[in-house]
10 protein chains.
Amino acid sequence: MVDIETFENPKPGRRYEITHVNPEFTSVCPKTGLPDFGTITIKYIPDKLCLELKALKYYFISYRNQGIFYEAITNKILDNLVEVCSPLEMEIISEWTTRGGMNSVIRAKYEKE
Amino acid sequence: MVDIETFENPKPGRRYEITHVNPEFTSVCPKTGLPDFGTITIKYIPDKLCLELKALKYYFISYRNQGIFYEAITNKILDNLVEVCSPLEMEIISEWTTRGGMNSVIRAKYEKE
Amino acid sequence: MVDIETFENPKPGRRYEITHVNPEFTSVCPKTGLPDFGTITIKYIPDKLCLELKALKYYFISYRNQGIFYEAITNKILDNLVEVCSPLEMEIISEWTTRGGMNSVIRAKYEKE
Amino acid sequence: MVDIETFENPKPGRRYEITHVNPEFTSVCPKTGLPDFGTITIKYIPDKLCLELKALKYYFISYRNQGIFYEAITNKILDNLVEVCSPLEMEIISEWTTRGGMNSVIRAKYEKE
Amino acid sequence: MVDIETFENPKPGRRYEITHVNPEFTSVCPKTGLPDFGTITIKYIPDKLCLELKALKYYFISYRNQGIFYEAITNKILDNLVEVCSPLEMEIISEWTTRGGMNSVIRAKYEKE
Amino acid sequence: MVDIETFENPKPGRRYEITHVNPEFTSVCPKTGLPDFGTITIKYIPDKLCLELKALKYYFISYRNQGIFYEAITNKILDNLVEVCSPLEMEIISEWTTRGGMNSVIRAKYEKE
Amino acid sequence: MVDIETFENPKPGRRYEITHVNPEFTSVCPKTGLPDFGTITIKYIPDKLCLELKALKYYFISYRNQGIFYEAITNKILDNLVEVCSPLEMEIISEWTTRGGMNSVIRAKYEKE
Amino acid sequence: MVDIETFENPKPGRRYEITHVNPEFTSVCPKTGLPDFGTITIKYIPDKLCLELKALKYYFISYRNQGIFYEAITNKILDNLVEVCSPLEMEIISEWTTRGGMNSVIRAKYEKE
Amino acid sequence: MVDIETFENPKPGRRYEITHVNPEFTSVCPKTGLPDFGTITIKYIPDKLCLELKALKYYFISYRNQGIFYEAITNKILDNLVEVCSPLEMEIISEWTTRGGMNSVIRAKYEKE
Amino acid sequence: MVDIETFENPKPGRRYEITHVNPEFTSVCPKTGLPDFGTITIKYIPDKLCLELKALKYYFISYRNQGIFYEAITNKILDNLVEVCSPLEMEIISEWTTRGGMNSVIRAKYEKE
């Protein structure tokens with residue numbers, strides 16, 4: 001896996017929300033071998049660490065030629081990012097372009113206990 | 001009825017939401033025999049099973065020449081899909097194009113006890 | 001008053017919501033005698049009966065040459081429809097086009113005890 | 001017919017264009033007896049006379065309970081207004097709301113010889 | 001073929017334009033057997049005859065279960081309608097929903113010599 | 001102050017909401033003497049009295065050449081209207097066009113004890 | 001009349017187009033005494049002089065309490081600005097908010113001989 | 001730091017909300033030295049003091065050539081403004097234009113104890 | 001190169017226009033190695049042959065991991081498609097997402113002599 | 001002046017159009033010292049040379065702290081870019097955010113003789 005870098009939260013005592021939207025996500029459908037296109041949104045409340053944007057970009061690009069389903073990608077991104085920056089809360093929303101006349105959205109959420 | 005296929009939820013322990021939107025739904029009005037057109041949205045929180053998209057598409061197409069009212073379709077789709085994938089929660093929203101100068105929306109919801 | 005017809009709720013045990021939007025409502029201002037134009041939205045949770053769309057349309061048309069104020073129409077439609085189909089909940093929203101540089105919206109709600 | 005009033009063009013030597021848009025036009029379908037709703041746009045280059053707005057409004061209202069087809073209304077409005085204000089050019093555009101799942105637009109133009 | 005009815009042009013001496021838009025067209029892809037969905041726009045300058053809307057609607061519905069390609073439908077509709085109402089000019093525009101991540105538009109035009 | 005007229009609430013027993021939107025409000029900045037432009041929205045739940053629209057319009061026009069700040073106008077309109085019609089609840093929202101590259105919104109609310 | 005200031009065209013040899021849009025124009029209807037609101041657009045090809053923006057703003061404000069009709073304002077602004085900066089071409093477009101359910105647009109153009 | 005001026009709250013007893021939106025914020029990325037562009041929204045409930053708009057504008061301009069990260073700016077603006085006007089509540093939302101194919105939003109909130 | 005398939009024009013005598021829009025085009029920037037994303041539009045007037053959609057899709061996918069500049073792609077697609085289907089006219093429009101705060105569009109056209 | 005780099009046109013024989021849009025342009029008003037914000041669009045038909053995007057970006061950034069008027073910037077950018085890449089045609093469009101309640105657009109065009 002590509003390294004996801006972090007930097008120290010500049011305001012660690014305050015609960016505040018950071019959102020990054022990537023409308024240029026692409027991966028490959030494991031069934032058909034055809035490319036999938038989507039928008040990935042990351043919303044999180046940082047604890048001690050924030051996600052570094054440039055490394056995040058390379059992390060997303062690493063899916064470009066990978067075969068993986070919508071539901072699996074969304075949950076895997078959430079697991080990977082939670083592991084790396086251990087946020088107070090995080091939500092991943094993936095919105096996919098039309099396939100077979102239908103379009104899909106997946107939302108998965110994590111809360112620190 | 002067309003078979004609605006399922007696959008195993010790749011992240012069964014986490015409560016997350018899946019949405020599929022089909023803007024190409026069509027059936028027939030039982031009163032006039034004329035076609036109806038609508039958008040069907042499925043929102044659900046999977047338990048052990050997820051809905052397979054391609055089979056879902058054929059399930060929707062099976063209504064193409066069937067005579068059925070808005071309220072009945074919406075509730076029947078909810079009943080059929082709940083039966084097949086037994087989700088934690090599911091909501092069906094059907095939005096219909098203008099008939100007689102009016103347009104209609106039906107929302108029906110299921111929650112596992 | 002024009003008859004508002006009903007049909008039996010096809011899924012009487014489930015709390016679900018039906019919305020009908022009529023963007024072609026017109027009545028007459030009792031003060032100026034000039035026509036008013038608006039969009040009437042009906043949102044309801046049926047109990048035993050659903051509103052039949054074609055009769056509803058004729059009910060709306062019956063206001064075409066009637067002189068009545070915004071606030072009165074909205075409440076009267078709510079009263080009439082509640083009486084006819086006895087829903088669990090119903091909301092009427094009337095949105096009016098610009099008059100004297102201002103536009104108005106009225107929302108009235110009913111809940112069965 | 002309701003009188004359509006005019007006033008003297010304040011700048012008679014200059015070719016300039018005046019547009020009035022009425023999104024609140026309604027008449028009755030002669031076939032079904034049901035109301036039709038549309039937006040009527042008047043674009044003209046005045047010669048000696050301009051159309052007075054208030055009288056124009058009453059002219060439009062005079063169609064409210066009249067049975068007349070889309071194509072006929074559009075041409076009749078053009079004929080009536082040309083007769084009254086004798087413009088250098090005039091165009092009438094009527095845009096109609098959805099009927100039977102289809103919507104229509106009619107454009108008719110006049111040029112003084 | 002379903003009969004396409006016409007009525008006499010109410011203003012035969014004037015060159016004016018009529019547009020009908022049908023956003024509820026559906027046919028079947030001859031290759032895959034799956035339904036196609038599109039919007040068909042008819043723009044024409046009538047000569048002696050105008051297209052009757054209700055019959056036009058049934059003409060469009062007659063494609064519902066027919067297998068035919070985008071390019072062929074568009075040209076066939078143009079040929080059929082020109083034959084029936086012999087207009088001075090006619091244009092057919094068909095706009096299709098996304099298939100395989102791409103969407104298509106076809107425009108064909110006829111002018112009377 | 002211009003008189004704000006009222007009329008009797010036609011449905012006094014029901015809690016329902018009335019909204020009037022005036023996108024044509026203008027006053028004068030007391031600092032620069034230059035005109036300010038905004039949209040004023042009134043949302044209220046009437047008790048015994050409703051606001052009469054025509055008088056309301058003249059009340060708004062009375063600010064046309066008055067020098068007053070955004071925060072003061074919003075609160076003053078709320079105080080004036082509450083005094084006149086004694087509603088169960090009322091909210092005033094003022095949205096102002098760009099000044100110095102920034103635009104502002106003020107929301108003030110009243111609830112009857 | 002308020003002075004409309006000009007400055008020297010920084011590129012006098014080239015035919016290029018300048019557009020200024022003022023969405024905050026207001027004047028008074030001479031018939032009703034009520035305020036009118038509109039957007040005034042100035043498009044011109046400068047010859048030797050350009051319009052100075054701040055003075056232009058005060059020129060527009062000078063109409064605030066003046067009674068004048070749509071057609072007259074549009075032609076008067078064109079005459080005033082052409083006189084002051086003697087452009088190669090100039091067009092004034094005035095777009096007015098809804099009055100009596102209708103809205104209007106006036107376009108007047110000047111070309112240097 | 002540029003002085004942020006305040007003025008006395010004209011309605012100190014009432015909890016009401018003031019929003020200022022600045023779509024013309026720009027600073028410099030400390031990593032690349034390239035300019036960043038964003039929209040800063042301030043929402044607050046004033047206690048005794050309100051923010052003066054002109055000084056606020058100069059405060060925003062003071063960031064023009066400063067190197068600072070998204071997360072740091074948002075929290076610093078919140079800290080600075082809270083210190084100056086001591087509001088009951090304040091929220092800062094910064095929305096940034098696309099960098100590396102992604103765009104970001106930061107929301108930070110303060111509540112007086 | 002992936003084969004671009006064609007089929008016989010179903011209406012060879014008529015000049016009509018076919019448009020295919022692919023909003024899911026992606027290639028790689030030869031300078032940075034990072035992915036580019038764009039929408040490719042093909043507009044053409046067929047002579048004897050039409051472009052087959054499924055093969056066209058695979059042709060577009062063949063650029064996925066290829067390093068090539070905006071200007072070169074657009075011209076190369078035009079050259080390739082003209083060679084394969086020899087149309088009467090063809091235009092390629094490529095619209096690219098934001099890179100370095102700027103976005104680009106390239107339009108190239110071919111006409112048969 | 002920052003160097004504007006070019007690269008060889010990959011298809012020199014064909015007349016085709018390249019557009020670059022920069023919505024993040026900022027300079028300083030020479031009169032007030034306050035920042036101006038705008039969108040600069042470059043449309044050109046290359047002859048032997050194309051504009052390199054990264055250098056173009058730095059060229060735009062070089063205006064960041066420069067005092068210059070709208071009309072002058074637009075013409076200067078056109079002069080600079082024409083000098084550097086000697087295109088067959090070029091157009092510069094600058095669209096500016098609201099100042100004093102008005103917003104402006106300047107369009108300047110060059111054609112090689």
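In chain E, strands β2(E) and β3(E) form a hairpin with six residues between them, and Gly33(E), which lies in the turn, has a positive phi of about 75°. The model in which this hairpin appears is a predicted one. The two strands of the hairpin, of which β3(E) covers residues 35-45, pair in the antiparallel sense over nine bridges. Within this pairing, Phe25(E) stands opposite Gly38(E) in β3(E).

Strand β2(E) also has a partner in another chain. Strand β6 of chain D, residues 103-111, pairs with β2 of chain E, residues 17-28, in the antiparallel sense, and five bridges are found between them. Here Ser104(D) stands opposite His20(E) in β2(E). Strand β2(E) is thus paired with β3(E) inside chain E and with β6(D) across the boundary between chains.

Before going further, the reader may wish to know how confident the predictor is. For the complex, the predictor gives an ipTM of 0.93 and a pTM of 0.95. In chain A, the mean pLDDT is 96, and 99% of the residues reach 70 or more.

A pairing of β6 with β2 is also found between chains B and C. Strand β6(B) and strand β2 of chain C, residues 17-28, run antiparallel and are joined by five bridges. Arg107(B) stands opposite Glu17(C) in β2(C). Considering the two chains as a whole, 14 residues of chain B are in contact with 15 residues of chain C. On the side of chain B that touches chain C, the elements giving two or more residues are α2 (70-85) and β6 (103-111). Of these, β6(B) gives the most, with seven residues. By class, this side of chain B has five nonpolar, five polar and four charged residues.

The arrangement of the chains can be described by superposition. A turn of 72° with a shift of 0.0 Å along the axis lays chain B on chain C with an RMSD of 0.0 Å. The two copies are therefore related as by a five-fold rotation axis. Other pairs of chains stand apart. Chain A and chain C do not touch, and their nearest C-alpha atoms are 23 Å apart. Likewise, no contact joins chain G and chain I, and the closest C-alpha atoms of these two chains lie 23 Å apart.

Chain A allows a view of a single residue in its surroundings. Ser104(A) is found in strand β6 of chain A, residues 103-111. This residue counts as buried because 20 other C-beta atoms lie within 10 Å. Leaving aside neighbours within four places in sequence, Ser104(A) is in contact with Tyr70(A) and Trp96(A), and also with Thr19(B) and His20(B) of chain B. The Thr19 of its own chain is placed elsewhere: the C-alpha atoms of Ser104(A) and Thr19(A), 85 residues apart along the chain, are separated by 21 Å.

Tyr70(A), one of the contacts of Ser104(A), leads to helix α2 of chain A, which comprises residues 70-85. This helix has 16 residues and reaches 23 Å from its first C-alpha to its last, close to the 22 Å expected at 1.5 Å a residue. Tyr70(A) is buried, and the buried residues of α2(A) also include Glu71(A), Ile73(A), Thr74(A), Asn75(A), Ile77(A), Leu78(A), Leu81(A) and Cys85(A). After the helix comes Ser86(A), whose phi is positive, near 40°.

How values were computed
Residues are numbered from 1 along each chain as its sequence is written. Chains are lettered from A and ligands numbered from 1 in the order in which they are written. This is a predicted model: local features need pLDDT of at least 70, side-chain atom pairs count only at pLDDT 80 or more; totals for chains, interfaces and linings use all residues. Helices (H or I, at least four residues) and strands (E, at least two) are DSSP runs, numbered from the N terminus. The expected span of a helix is 1.5 Å times one less than its number of residues. A residue is buried if 20 or more other C-beta atoms lie within 10 Å of its own, exposed if 12 or fewer, and partly exposed in between; C-beta atoms are placed from the backbone. Two residues are in contact if their C-beta atoms, placed from the backbone, lie within 7 Å. Copies are superposed by least squares on the C-alpha atoms of residues with pLDDT of at least 70 in both. Ala, Val, Leu, Ile, Met, Phe, Trp, Tyr, Cys and Pro count as nonpolar, Asp, Glu, Lys and Arg as charged, and the others, Gly among them, as polar. Two strands pair if DSSP finds at least two bridges between them. pLDDT is the predictor's confidence in each residue, from 0 to 100.
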